[in-house]
Amino acid sequence: MGGRTVSGVLSHVAVVLLVLLQGTQSVYIQYQGFQVQLESVKKLSDLERQWVFSPRLQAQSIVPIPCYHLALPRDLLPICTSKEAASIFKALQTIAEDNCELCENVACTGCL
């Protein structure tokens, strides 16, 4: 009877470890030669919601306004050097909304 209890505990421990390992795995989006974490794209969306930009300021800016934000995730910074940065950010946000965690979009990798 003691053997059953030990094996039952071990199976529960294995399940917990598996869940924890899956939780640490990052989901990535690959687009236009850039690979960024899904969480970074979600933070980008949050930053854009927090900041209120005047249309005039956006029109005058050479790079997208989020590139000036100090809280922009590091893996998004290389996109700011691209001439298509604004459209890349927009595309990444669209991809992130398409259940990327479930890999419903081919641009998403590392999904469960």
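**Group meeting: helix H4 and its surroundings in a predicted model**

Let me begin with helix H4, residues 85-96. Its twelve residues should span 16 Å at 1.5 Å a residue, and the end C-alpha atoms are 16 Å apart, which agrees. The expected span here is 1.5 Å times one less than the number of residues in the helix. Helices (H or I, at least four residues) and strands (E, at least two) are DSSP runs, numbered from the N terminus.

Before going further, I should state the basis of the values. This is a predicted model, in which local features need pLDDT of at least 70 and side-chain atom pairs count only at pLDDT 80 or more, while totals for chains, interfaces and linings use all residues. Residues are numbered from 1 along each chain as its sequence is written, and side-chain values use heavy atoms, with hydrogens and water left out.

How confident is the predictor? The pLDDT, its confidence in each residue from 0 to 100, averages 77 over the protein chain, and 68% of the residues score at least 70. Among the elements, strand E2 has the highest mean pLDDT, 96, and helix H1 (residues 2-24) the lowest, 46. Over residues 9-24 the pLDDT is below 50, and this stretch has one contact in the model beyond near neighbours in sequence; contact means heavy atoms within 4.5 Å. Where pLDDT is low, the predicted coordinates should not be read in detail.

I return to H4. Which of its residues are buried? They are Ala85, Ile88, Phe89, Ala91, Leu92, Gln93, Ile95 and Ala96. Buried means under 20% relative accessible area, exposed over 50%, and partly exposed in between, with a 1.4 Å probe and protein chains only. The buried residues of H4 pack against four elements: strand E1 (28-31), strand E2 (34-37), helix H2 (38-50) and strand E3 (108-109).

This leads to the nonpolar core, a set of buried Ala, Val, Leu, Ile, Met, Phe, Trp, Tyr and Cys residues joined through side-chain atoms within 4.5 Å. The largest one has 23 residues, and those with the most contacts inside it are Ile29, Val36, Leu76, Ile79, Phe89, Leu92 and Cys100. E2, H2 and H4 are the elements that give two or more residues to this core, and H4 gives the most, with six residues. In soluble globular proteins, nonpolar side chains tend to be buried together. Leu76 offers an example: leaving aside neighbours within four places in sequence, its contacts are Val36, Ser40, Leu44, Phe89 and Leu92.

Next, the strands. E1 and E2 pair in the antiparallel sense over four bridges; two strands pair if DSSP finds at least two bridges between them. Gln30 has Gln35 in E2 as its bridge partner. In a regular strand the side chains alternate between the two faces of the sheet. Along E2, Phe34 and Val36 point to one face and are buried, whereas Gln35 and Gln37 point to the other and are not. Phe34 is also in contact with Ser82, as is Ile88, leaving aside the neighbours of Ser82 within four places in sequence. Ser82 itself lies in the loop between H3 and H4 and counts as buried because its relative accessibility is 18%.

E1 and E2 form a hairpin with two residues between them, and Gln32 in the turn has a positive phi of about 50°. Gln32 counts as exposed, at 52% relative accessibility. A second case is Asn99, which has a positive phi of about 50° although it is not a glycine. Asn99 lies in the loop between H4 and E3 and is partly exposed, at 38% relative accessibility. Most residues other than glycine have a negative phi, and most peptide bonds are trans.

How many disulfides does the structure hold? There are two, a disulfide being a pair of cysteine sulfur atoms within 2.5 Å. In one of them, the sulfur atoms of Cys67 and Cys80 are 2.0 Å apart. The torsion about their S-S bond is about -95°, so this disulfide is left-handed. Both cysteines are in the loop between helix H3 (55-60) and H4, 13 residues apart, and both are buried.

Cys100 and Cys108 form a disulfide with their sulfur atoms 1.8 Å apart. With -115° about the S-S bond, this link is left-handed. Cys100 counts as buried at 0% relative accessibility, and Cys108 counts as buried at 5%.

Conventions. pLDDT = per-residue confidence, 0-100.
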